[in-house]
Amino acid sequence: MGVPQMMLALAYRAEFMKEALEKSQTITDNMVSILGSFDHRLSALETAMRPTQIRTHSIRRAHENIDKTLKSAEGILSQFDQTRKAEAKILRGPHEDLETYLEAIEQLKATVKFFSSNKNFKSSDGVVHHANQLLAKAISKLQEEFNTLLSNYSKPVEPDRLFDCLPNSLRPSSASDKHQGEGGNKHSSEQQKSLETAIYTLPTLIPPRVVPLLHDLALQMAQAGHQQQLFRIYRDTRASVLEQSLKKLGVERLTKDDVQRMQWEVLEAKIGNWIHYMRIAVKLLFSAEKKICDQILEGIESLRDPCFADVTVNSVSVLLSFGDAIAKSKRSPEKLFVLLDMYEIMRELRSEFELVFGSKACMEMRESAFNLTIRLAQTAQETFVDFEEAVERDATKTAVLDGTVHPLTSYVINYVKFLFDYQSTVKQLFQELESTDPEGQLAAVTTRIMQALQTNLDGKSKQYRDPALTQLFLMNNIHYIVRSVRRSEAKDMLGDDWVQIHRRIVQQHANQYKRISWAKILQCLTVQGESSGSSGLSRAMVKDRFKTFNSQFEELYTRQAQWTVPDSELRESLRLAVAEVLLPAYRSFIKRCAPMIDGGKTPNKYVRYTPEDLERMLNEFFDGKTYNEQKRNRKRRAASLFGWKCRCLLLSIPK
């Protein structure tokens with residue numbers, strides 16, 4: 001019973017759901033019908049509204065076009081207004097207000113750009129043409145203004161201003177020194193080091209307030225395509241001023257022929273000045289010119305370096321041509337040290353040349369400076385060889401009659417001393433010419449010069465007829481050489497062995513002098529080997545010995561008192577060496593032989609000199625005394641001898 005009831009209940013529920021679904025479908029159909037009628041009505045409404053929408057959109061677009069047109073018109077009117085104002089400024093010229101004038105040019109450029117990009121405007125072409133005409137006038141006036149401004153503020157730098165820019169050590173001490181340069185200054189390595197670290201102050205070539213204006217003008221001219229006009233104006237103005245500055249300083253163009261015609265004193269002074277001018281030109285004028293050129297032509301890369309090169313090329317040429325003329329002129333020994341000075345300044349300025357003239361446009365000037373440095377080094381090296389040969393071949397016939405130091409010796413020694421003052425420069429020079437051992441090369445040069453001098457002195461010594469004077473001459477000169485070397489830096493270069501060898505040579509010449517001069521006279525005082533009397537000599541022989549001694553000694557005194565040994569120590573040493581052999585022999589001879597003739601009528605005829613007289617007379621040897629001085633000395637000795645004879649006579653009387 002339970003199952004059928006459940007089936008009935010399910011059937012009842014299914015029937016209920018069916019009826020509900022049928023009612024829902026009916027409602028849905030009714031809603032679809034209603035909505036369909038709404039869609040139809042909306043379509044009709046949309047169709048009715050479309051014309052209104054189209055008109056509204058057209059009106060909106062018209063408003064937008066009107067706004068755009070008004071804005072365009074406003075922009076065009078603004079351009080016209082700005083152009084009118086710019087034209088007024090252009091017509092007034094740049095003299096009153098350069099900055100405003102430049103702003104007007106920029107405005108004209110903006111106007112041209114605006115109308116060139118808006119060709120659809122009816123008046124665009126006319127406006128562009130008018131603006132370009134104004135721009136052409138403006139740039140032309142700018143060019144005139146640039147020329148005027150640059151010319152008015154470009155003035156030659158007075159020498160006094162340049163001297164004030166130098167370090168204190170290089171400033172002239174007085175007005176009279178300002179054009180003397182360095183020709184008379186003694187060279188030293190310490191001075192050179194101080195110059196390398198010295199501080200220079202660049203001169204002001206153009207007032208700083210004017211430089212920005214010139215830069216703006218130059219930039220406008222370059223942008224307007226007037227680069228060539230800008231180049232020409234700048235080059236002509238600045239080059240002329242630079243040349244005038246150098247001319248006021250004293251720089252002049254000299255050729256090789258001009259140099260050859262000059263007397264040495266004049267040329268030496270000009271070389272000293274040239275060294276001074278080179279330092280001022282490179283460290284001050286050219287460096288300042290480079291700075292001002294970079295500032296004015298900043299941003300115009302195509303013109304900056306070529307312009308600086310053209311401004312300086314003639315001035316550099318004038319300076320280097322003088323150095324080149326010296327390097328190519330006839331070589332002579334006295335030019336060596338000025339050549340070294342010139343070489344030294346070129347080396348000192350090499351880094352500045354590389355810095356200031358470092359661009360490709362300046363390559364030719366840079367190479368000219370380097371080539372001059374090498375040429376000066378080569379000429380100096382060739383002068384070493386010339387000097388060595390000149391010393392060896394010196395054929396001066398004027399002999400020094402008193403046997404003193406020959407002028408050639410003092411000249412060569414002073415030359416070598418100066419050479420060692422420059423030894424740092426000379427070593428650099430040898431190294432520049434690819435020497436692997438510059439110090440050894442300097443030592444070799446010095447040794448060869450010394451050897452050439454000794455060879456020449458040997459030849460000159462043969463001019464003397466008196467062999468004793470030959471030895472004295474060689475002794476004096478070699479001693480002078482040795483003493484000078486010992487007191488100079490040449491000693492370290494030549495070495496102790498060289499010094500000792502030549503000291504022995506001096507002693508050898510001194511010994512030879514003593515042997516030649518005094519051997520014969522000493523024989524007169526020798527009594528050994530004689531077989532007569534207690535002394536081995538007869539009275540007649542003693543008289544003859546005294547006469548011979550007196551004659552020979554007086555002859556030696558007359559001649560050798562006129563000879564000279566200029567070194568006091570060597571002179572005293574030589575006198576002492578003679579006295580050590582002569583005086584003991586004379587005293588012994590007088591002691592043994594004088595009593596044999598004292599009883600005669602005229603004993604002082606034979607015994608003319610006391611040992612003290614001989615000692616005093618020996619002390620007058622090598623003093624370079626004249627004949628009259630000797631005559632006065634002889635009178636004094638005669639009086640002294642008379643007194644001595646009287647004393648001897650009194651002593652001989654028996655008490």
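Is Cys524 buried or exposed? In this predicted model, the residue counts as buried because its relative accessibility is just 7%, and the cut-off for that label is under 20%. Cys524 sits in helix 19, which runs over residues 496-524. Leaving aside residues up to four places away in sequence, what does Cys524 touch? The list reads Arg545, Thr548, Phe549, Gln552 and Phe589. There is also a pairing with Ala585 to look at: 61 residues separate Cys524 from Ala585 along the sequence, yet their C-alpha atoms are 9.6 Å apart in space.

Zooming out, the fold comes down to helices, with 23 of them and 0 strands in the protein chain. Of the 655 residues, 42% are buried, and Cys524 belongs to that buried group. As for contacts between residues at least 6 apart in sequence, 82% join residues at least 24 apart. The protein chain exposes about 36,100 Å² in total, and carbon and sulfur atoms supply 53% of that area.

On the surface side, there is a negative patch to point out, formed by Glu489, Asp492, Asp496 and Asp497. Where does Glu489 lie? It is found in the loop that links helix 17 (467-486) to helix 18 (490-494). Glu489 has a relative accessibility of 41%, so this residue counts as partly exposed, a label that covers the range between the buried limit of 20% and the exposed limit of 50%. Set side by side, Glu489 is partly exposed, whereas Cys524 is buried.

Technical notes. Residues numbered from 1 in each chain as written. Predicted model: local features only at pLDDT ≥ 70, side-chain atom pairs only at ≥ 80, totals over all residues. Heavy atoms only, no water. Patch = residues over 30% accessible without salt bridge, like charges linked within 9 Å, V, L, I, M, F, W, Y side chains within 5 Å. Areas by Shrake-Rupley, 256 points an atom, 1.4 Å probe, with all protein chains shown as cover. Salt bridge = Lys/Arg side-chain N within 4 Å of Asp/Glu carboxyl O. Lys, Arg positive; Asp, Glu negative; His and termini not counted. Charge placed at Lys NZ, Arg CZ, Asp CG, Glu CD. Helix = DSSP H or I, 4+ residues; strand = E, 2+ residues; numbered from the N terminus. Buried < 20%, exposed > 50% of the residue type's maximum accessible area, 1.4 Å probe, protein only. Contact = heavy atoms within 4.5 Å.
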